[in-house]
Amino acid sequence: MMRAYKYEIFTSVIEEQIRNRILLKGERLPSVREIKSRYQLSTSSVQSGFEYLMMKGLIESSPRSGYFVAYIEDSHISQVRADLIPVVRDAVFAKNVMLTSARNKPSESSSFHMAAPGDLLIPQKLILRTMQEVIREKGAALLRYYPSNGLYELRKQISLQMATHGCLLNPDELIITDGALQALTIALRAVTDPGDIVAVESPCVFSVLEAVANLGLKIIEIPVHYENGFDTDYFREVCTSNTINAVVVTPNFHNPTGIVMSDDAKKELLSVASLYQIPVIENDIYGDLYFGAKRPRCIKSFDDSGLVMTYSSFSKTLAPGIRLGWLHTGRFYSRSERARFVLGRSVSPIYQELMLKLLQGTSYERHLRSFRKQLNRQAVELVDALRHYFPEDSYFHSPEGGYSIWGKLPEGTDMKTFFDYCDKNRILFTPGNIFSLTDEYSHHFRIVFADRITAESLTMLENAGRKAKELL
C-alpha cells in the first residue's frame with residue numbers, strides 16, 4: 001500500500017481543480033498561511049505539498065508573491081462533460097470584463113482594479129445587524145412583490161439625503177433600481193432609440209460604453225481634461241454638427257480619472273444641453289465619497305427644466321453585493337417607468353427595507369465619514385508610492401474623492417510587456433485602452449484604492465515600478 005502524506009488533503013483538491021480547468025494558468029493559489037488554517041496542517045506539510053505540485057509541473061513559485069498555476073498541456077487534462085456545447089463569447093467583451101471585475105474570486109480581496117469596497121472596508125456588522133432587524137420586523141412581507149418603482153418611504157429618504165447637499169429631488173420622479181447600471185439602462189431607453197448618438201466622456205468606464213453599445217446606440221467621445229474635467233467647448237462643437245440624443249457624464253470623481261467638474265463647468269454643460277435640448281444622464285455614484293469639507297454639487301442641482309436625469313447606487317458606499325440604486329427621471333418619468341417595469345417586477349424587498357432603515361438613522365452617515373477618511377489616507381499613500389517607485393516622467397493624478405487614480409507611463413514604455421508582467425504577478429491594474437473605443441490611452445492605467453493597503457500591496461507597486469523603469 002502506498003504511503004499517504006498529510007499534504008494530500010489539499011494537493012488533491014488543487015490538482016483536480018487545475019486538471020478540470022477550474023483553476024487556470026496564472027491564477028494565484030492560497031498562501032501557506034491560508035492552507036495551514038483551512039486544513040489544520042503544519043507549515044512544513046503545506047510547503048511539502050506545494051513542492052509536490054511543483055514537481056508535477058502543475059504550479060510554479062514566484063519569489064515574494066506566492067504560488068501560481070503553471071501551463072498545462074491539453075493532453076494532460078481530463079475531459080469533463082465532453083457532450084456540452086462550447087459557450088460562444090465575444091472576445092473583446094470577455095477580455096474587458098476580466099480586466100475590470102472578473103479576475104478575482106468573490107472571497108478574495110481586489111488588487112488595484114475592483115471599483116467596489118474590499119472586504120475589510122465593508123461595514124459587515126452594521127449591514128448584517130440591520131438586515132436581521134429587518135427580517136424580524138417584516139417577516140413574510142419580504143417575500144412579496146414591492147412597488148415596481150420602489151418603496152415611497154425609501155424614495156423620500158433619498159430625496160431628503162440629497163436635499164442636504166442642495167439637490168432637490170421629487171420622490172414621485174424617483175425610481176428604485178437594481179443597481180446603477182440598470183438605472184443607466186433605463187435612462188438611455190427612456191430618451192433614445194437604436195441608432196441615436198450618445199456623447200460620453202473619454203476616458204469612459206467600460207460598463208457605460210458597453211451599456212450604450214448594447215442598446216444599439218452610436219458613441220461620440222468627449223475629452224476629459226485634468227484641469228476642468230468634461231470639455232464643454234468640444235461638446236458644444238460636436239453638437240453643432242451632430243444630432244446628439246443624450247450625454248452621459250460622471251461630474252463628481254469621474255471614473256477612471258477621479259476628476260471633479262467645477263460648478264461653472266457643470267452649468268456650462270447644462271447650458272449647452274438646454275440649447276440643443278439634449279437629456280443629461282448624470283452618474284453620481286461617487287458623489288458621497290468626497291475627501292474635502294463638503295460634497296460637490298450635482299448638475300441636477302442647477303436644473304429647473306427636468307432635462308437632467310441623475311442616478312446613483314449604494315454598492316460603492318456600502319457593499320458591492322447590495323444591488324440597490326436609484327434614478328431621478330426628471331421630465332422623462334413616464335418612459336422611464338415603462339422601461340423599469342420590463343426589466344423586472346421590483347427590486348429586492350430586503351435591500352429596500354435595509355437601506356430605508358439605514359437612511360432613517362445616523363449609522364449610514366457615520367459609516368460614510370469613516371469610509372471617506374480611510375479612502376483619503378489610502379489615496380495619499382498610493383499616489384506617494386506610485387510617484388516614488390515609477391519612472392520619473394510618469395504621471396499620477398491625485399484624486400479628491402472616489403476610488404480611482406489615473407496613471408500614465410512615459411512614451412516609449414513597452415506597455416504590452418508591462419501589463420503581461422503585472423498580470424502574471426497578480427498586480428491587477430486596469431489598462432487604459434478599455435476606457436475608450438480608440439487607442440488614445442495605451443500608456444495609461446487605472447489604480448483603484450477601494451481595498452485596504454497592505455505591505456504586500458506596496459511591494460507589488462514597487463515591483464511594477466521597477467519593471468516599468470526596465471522597459472523604458
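# Exercises on a predicted model

The buried residues of helix α8, which spans residues 206-214, are F206, V208, L209, A211 and V212. The model is predicted. Work through the exercises below with the structure open.

**Exercise 1. Find the residue with positive phi just after α8, then the cis peptide bond at P203.**

Step 1. Go to the end of α8. Just after the helix, G216 has a positive phi of about 75 degrees.

Step 2. Go to the loop between β4 (197-202) and α8. P203 is found there.

Step 3. Read omega for the bond from S202 to P203. The value is near 5 degrees, and the bond is cis.

**Exercise 2. Describe the surroundings of S404.**

Step 1. Place the residue. S404 belongs to strand β12, residues 404-408.

Step 2. Check accessibility. The relative value for S404 is 2%, so the residue counts as buried, the cut-off being under 20%.

Step 3. List its contacts, leaving out residues up to four places away in sequence. S404 touches N255, P256, T257, G258, P399, R446, I447 and F449.

Step 4. Look for a polar contact. The side chains of S404 and N255 are joined by one of 3.5 Å.

Step 5. Follow N255 to the next residue. The peptide bond from N255 to P256 is cis, with omega near 20 degrees. P256 sits in the loop between β7 (244-249) and α10 (263-275).

**Exercise 3. Compare F253 and Q277: is each residue buried or partly exposed?**

Step 1. Place both. F253 lies in the loop between β7 and α10. Q277 lies in the loop between α10 and β8 (280-283).

Step 2. Read phi. F253 is not a glycine, yet its phi is positive, about 60 degrees. Q277, also a residue other than glycine, has a positive phi near 50 degrees.

Step 3. Read accessibility. F253 has a relative accessible area of 4% and is buried. Q277 is partly exposed, at 46%.

**Exercise 4. How many disulfides does the model contain, and why does C167 not form one?**

Step 1. Apply the cut-off: two cysteine sulfur atoms within 2.5 Å. The count is zero.

Step 2. Take C167. The closest cysteine sulfur is in C298, at 4.3 Å from the sulfur of C167, so the pair is too far apart for a bond.

Step 3. Check burial. C167 is buried, with a relative accessible area of 1%. C422 counts as buried too, at 2%.

**Exercise 5. Characterise the largest cavity.**

Step 1. Count the cavities. The structure has three of 30 Å³ or more.

Step 2. Size the largest. It holds about 70 Å³ of space.

Step 3. Identify the lining. Among the residues are Q161, M162, D288, R295, W326 and Y364. Both α6 (152-163) and β9 (308-313) supply at least two lining residues each.

Step 4. Sort the lining by type. Five residues are nonpolar, four polar and three charged.

**Exercise 6. Trace the contacts of F390 and T413.**

Step 1. Start with F390. This residue is in the loop between α13 (363-389) and β11 (395-396). F390 is buried, with a relative accessible area of 2%.

Step 2. List partners beyond four places in sequence. For F390 they include F396, L409, F418, F429, F445 and A468.

Step 3. Compare sequence with space. F390 and E470 are 80 residues apart in sequence, but 10 Å apart from C-alpha to C-alpha.

Step 4. Move to T413, in the loop between β12 and α14 (415-424). At 5% relative accessibility, T413 counts as buried.

Step 5. Find its contacts. The T413 side chain reaches the backbone oxygen of P410 at 2.7 Å. Beyond four places in sequence, T413 touches H443, A468, L471 and L472.

How values were computed:
Residues are numbered from 1 along each chain as its sequence is written. Side-chain values use heavy atoms; hydrogens and water are left out. Helices (H or I, at least four residues) and strands (E, at least two) are DSSP runs, numbered from the N terminus. Buried means under 20% relative accessible area, exposed over 50%, partly exposed in between (1.4 Å probe, protein chains only). A polar contact is a pair of N or O atoms within 3.5 Å; within protein, one must be able to donate a hydrogen and the other to accept it, and residues adjacent in sequence count only if both atoms are side-chain atoms. Contact means heavy atoms within 4.5 Å. On a 1 Å grid over the protein atoms alone, a cavity is a set of points where a 1.4 Å probe fits but cannot get out, and a pocket is an open set with protein on both sides within 12 Å along at least five of seven lines; lining residues have an atom within 4 Å of a point. Grid points are joined across faces, edges and corners, and a volume is the space filled by probe spheres set on the points. Ala, Val, Leu, Ile, Met, Phe, Trp, Tyr, Cys and Pro count as nonpolar, Asp, Glu, Lys and Arg as charged, and the others, Gly among them, as polar.
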